[in-house]
Amino acid sequence: THPQPAVLETVQFDGLDTATAVGSVTIDRLAGAIVHFALTGVFIAFAGTSGLRNFQLPSVLAIVVIIAVVVLVAVSGAALPWSRTRLRRRLLPATRRSLANMSGLVHQPGKMIQLFGGAVVITIGYILALVASAYAFDVPLDFTTVALVFLVASIVANIAPTPGGVGAVEATLI
């Protein structure tokens, strides 16, 4: 009896069930993540070693701690009886319906091109907007550098446990 988000209500009103709506959003997010990682690799290749002098990845210890916390939360959730029951009764059937609906997309190359092409265009558009903003304030930055900073900040924002990655994005951009 919890109210659902307005987005799902609108989608359900248009005749789609929750599993299909969630599946659609998941496909969009997955395509965006794939494009982000691919573009990050491309811009790292363009930057070369000279362009990455001031660019530092997090320490191995920080990455291990983050992975350990995620695994601990997942294991803890799976260990609780009420959580397992909810997972088995509500999440798994919805996930199966969602995957069945998503499988149809793979067989439509035109839709896949639209999905990934749109993800590339929107990401490059955001990078161009950041470059234009920097130039508007007379901060001439290399396009590749701005692209790398934006892409890494976006990845951090999606991983950060804060709403919208608030705080983590700003730290990364600085």
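Biologist: Before we dig in, what's a nonpolar core here?

Modeller: A set of buried Ala, Val, Leu, Ile, Met, Phe, Trp, Tyr and Cys residues joined through side-chain atoms within 4.5 Å. Keep in mind that this is a predicted model.

Biologist: Noted. So which residues make up the largest nonpolar core?

Modeller: There are 12 of them. Going along the sequence, you have Val-35, Leu-39, Phe-43 and Ala-47, then Ala-119, Ile-127 and Val-131, and finally Val-146, Ala-147, Leu-148, Phe-150 and Leu-151.

Biologist: Which helices each supply at least two residues of that core?

Modeller: Helix H2 (18–47), helix H5 (109–136) and helix H6 (143–159).

Biologist: And which gives the most?

Modeller: H6, with 5 residues.

Biologist: Let's zoom out a bit. How many helices and strands are there in the protein?

Modeller: 7 helices and 0 strands. Read along the sequence, the pattern is α-α-α-α-α-α-α.

Biologist: What share of the residues counts as buried?

Modeller: 21% of the 174 residues. As for the outside, the protein exposes about 12400 Å², and carbon and sulfur atoms supply 71% of that.

Biologist: What about contacts across the sequence?

Modeller: Take the contacts with a separation of 6 or more: residues 24 or more positions apart account for 58% of them.

Biologist: Back to rings. How many aromatic pairs does the structure hold?

Modeller: It holds 2. One of them is Tyr-126 with Phe-150, a tilted pair at 6.1 Å centre to centre, with 50 degrees between the planes.

Biologist: Where do those two residues lie?

Modeller: Tyr-126 is in helix H5 and Phe-150 is in helix H6, so the pair ties together parts that are 24 residues apart in sequence.

Biologist: Phe-150 was in your core list too. Is its partner Tyr-126 buried or partly exposed?

Modeller: Tyr-126 counts as partly exposed because its relative accessibility is 47%, which falls between the cut-offs of 20% and 50%. Phe-150, on the other hand, is buried, with a relative accessible area of 15%.

Biologist: Switching to the surface: which residues form a nonpolar patch there?

Modeller: Leu-61, Val-65, Val-69 and Val-73 do. Together they have about 370 Å² of accessible area.

Biologist: Pick Val-65. Where does that one sit?

Modeller: Val-65 is in helix H3, residues 60–79. With a relative accessibility of 43%, Val-65 counts as partly exposed.

Biologist: What do nonpolar side chains tend to do in soluble globular proteins?

Modeller: They tend to be buried together.

Technical notes: Residues are numbered from 1 along each chain as its sequence is written. This is a predicted model: local features need pLDDT of at least 70, side-chain atom pairs count only at pLDDT 80 or more; totals for chains, interfaces and linings use all residues. Side-chain values use heavy atoms; hydrogens and water are left out. Buried means under 20% relative accessible area, exposed over 50%, partly exposed in between (1.4 Å probe, protein chains only). Helices (H or I, at least four residues) and strands (E, at least two) are DSSP runs, numbered from the N terminus. Patches are made of residues with over 30% relative accessible area and no salt bridge: like charges are joined within 9 Å, nonpolar side chains (Val, Leu, Ile, Met, Phe, Trp, Tyr) within 5 Å. Accessible areas come from the Shrake-Rupley method with a 1.4 Å probe; for residues, only the protein chains shown count as cover. A salt bridge is a side-chain nitrogen of Lys or Arg within 4 Å of a carboxyl oxygen of Asp or Glu. Rings of Phe, Tyr and Trp (its six-membered ring) pair if their centres lie within 6.5 Å; planes under 30 degrees apart count as stacked, over 60 as edge-to-face and the rest as tilted. Contact means heavy atoms within 4.5 Å.
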